[in-house]
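This report reads one protein model from selected residues outward to its helices, its loops and its interior space. Please keep the sequence and the coordinates at hand while following the text.

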Amino acid sequence: LYREKIGALAEGETLRLKLLIHKDAHLHKAVAEIRKDDEQEVKRIFMTEKLQIALNEQITAELWSANLYLSMSFFLKREGFEGFSHWMRKQYQEEVKHATAIADYMTDRNAIPKIDKIDVVPQSWKSPLEAFEDAYKHERHVTQLIDLLVKTASDEKDNATQDFLWGFVREQVEEEATTLHIVEKMRKAGEAGLFFMDNQLGERN
């Protein structure tokens, strides 16, 4: 009887040990699955350092653009063109929105937006036409910067950033077309038609 009790106890202990091992295996599996899910979430949110640098450079570029248009606005107002000045002031506001949109997107992706040193912008132009010609040239330059950003996002296999940037790509088509149209109209209008155009551009919302 004593041996039977000892045997039963040993058998019970063995069963308990097996149950513990079984539970432990399930626990390890559950932990592994959680870690796998976490790793997938990190991959979804994480943005590579190269892409973060590129986006931060674009933030700085957008703020430089904003300062350029603000400088043009100041110049045109000094020259007596209130409408042209108003139009450039709206451009300034758009560029600031671009910079903050990129910064907000980076924050949503757990990346760190930064503002680097912003270089000095031009302060004067020979005429309103020259200012708008420079604006058109600058928009073409911005288009090239955005295209390079899209390529970087593609190289880094970041689909979310590519999707985000396509909005900028589409907007640049409009920006180039708008500024070129203004330049062409100003060339045709000549000095006599400048004040008429000034009134037109002053109606921009």
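In this predicted model, Ser71 lies in helix α2, which covers residues 49–78. Ser71 has a relative accessible area of 5% and is therefore buried, since a residue counts as buried under 20%. Once residues up to four places away in sequence are set aside, Ser71 touches Val121, Pro122, Gln123 and Trp125. A further relation concerns Ser85, which is 14 residues from Ser71 in sequence, while the C-alpha atoms of the two serines are 9.4 Å apart in space.

The helix that carries Ser71, α2, has 30 residues, and the distance from its first C-alpha to its last is 44 Å, close to the 44 Å expected at 1.5 Å a residue. Just after α2 comes Gly80 with a positive phi of about 95 degrees.

**Helix α4 and Leu149**

Does the span of α4, as computed from its end C-alpha atoms, agree or disagree with what its number of residues should give? For the 28 residues of α4, a rise of 1.5 Å a residue should give a span of 40 Å, and because the end C-alpha atoms are 41 Å apart, the two values agree.

Leu149 is found in helix α4 and is buried, with a relative accessible area of 3%. Not counting residues up to four places away in sequence, Leu149 touches Ala54, Leu55, Gln58 and Leu165. For Leu165, which is 16 residues from Leu149 along the chain, the C-alpha separation from Leu149 is 7.7 Å.

**Thr161 in helix α5**

Thr161 lies in helix α5, and its relative accessible area of 0% makes it a buried residue. Leaving aside neighbours within four places in sequence, the residues in contact with Thr161 are Met47, Leu51, Leu55, Tyr105, Arg109 and Ala153. Leu55 is thus one of the contacts of Thr161 and also one of the residues that Leu149 touches.

The buried residues discussed above can be set side by side as follows.

| Residue | Helix | Relative accessible area |
|---|---|---|
| Ser71 | α2 | 5% |
| Leu149 | α4 | 3% |
| Thr161 | α5 | 0% |

**Loop residues with positive phi**

Asn110 lies in the loop between α3 (82–108) and α4, and although Asn110 is not a glycine, it has a positive phi of about 60 degrees. Is Asn110 buried or exposed? With a relative accessible area of 60%, Asn110 is exposed, because the cut-off for that class is over 50%.

Lys157 lies in the loop between α4 and α5, where it follows just after α4 and takes a positive phi of about 55 degrees. Lys157, too, is a residue other than glycine. The relative accessible area of Lys157 is 71%, and Lys157 is accordingly exposed.

**The cavity**

Rolling a probe the size of a water molecule over the atoms shows where empty space is left. A search of the whole structure finds one cavity of 30 Å³ or more, and the largest cavity has a volume of about 30 Å³.

Which residues line the largest cavity? The lining consists of Glu62, His98, Val142, Ile146, Phe168, Glu171 and Gln172. By class, three of the lining residues are nonpolar, two are polar and two are charged. At least two residues of the lining come from each of α4 (128–155) and α5 (159–201), and α5 gives the most, with three residues.

**The protein as a whole**

The secondary structure comes to five helices and zero strands, so that the order of elements from the N terminus on reads α-α-α-α-α. Of the 205 residues of the protein, 36% count as buried, and Ser71, Leu149 and Thr161 are examples of residues in that class.

Among contacts in the protein with a separation of 6 or more, 81% are between residues 24 or more positions apart. At the surface, the protein exposes about 13500 Å², of which carbon and sulfur atoms supply 56%.

Conventions:
Residues numbered from 1 in each chain as written. Predicted model: local features only at pLDDT ≥ 70, side-chain atom pairs only at ≥ 80, totals over all residues. Heavy atoms only, no water. 1 Å grid on protein atoms, 1.4 Å probe; cavity = no way out; pocket = protein on both sides within 12 Å on 5 of 7 lines; lining within 4 Å. Points joined across faces, edges and corners; volume = space filled by probe spheres on them. Helix = DSSP H or I, 4+ residues; strand = E, 2+ residues; numbered from the N terminus. Nonpolar A, V, L, I, M, F, W, Y, C, P; charged D, E, K, R; others polar. Buried < 20%, exposed > 50% of the residue type's maximum accessible area, 1.4 Å probe, protein only. Contact = heavy atoms within 4.5 Å. Areas by Shrake-Rupley, 256 points an atom, 1.4 Å probe, with all protein chains shown as cover. Expected span 1.5 Å × (residues − 1).
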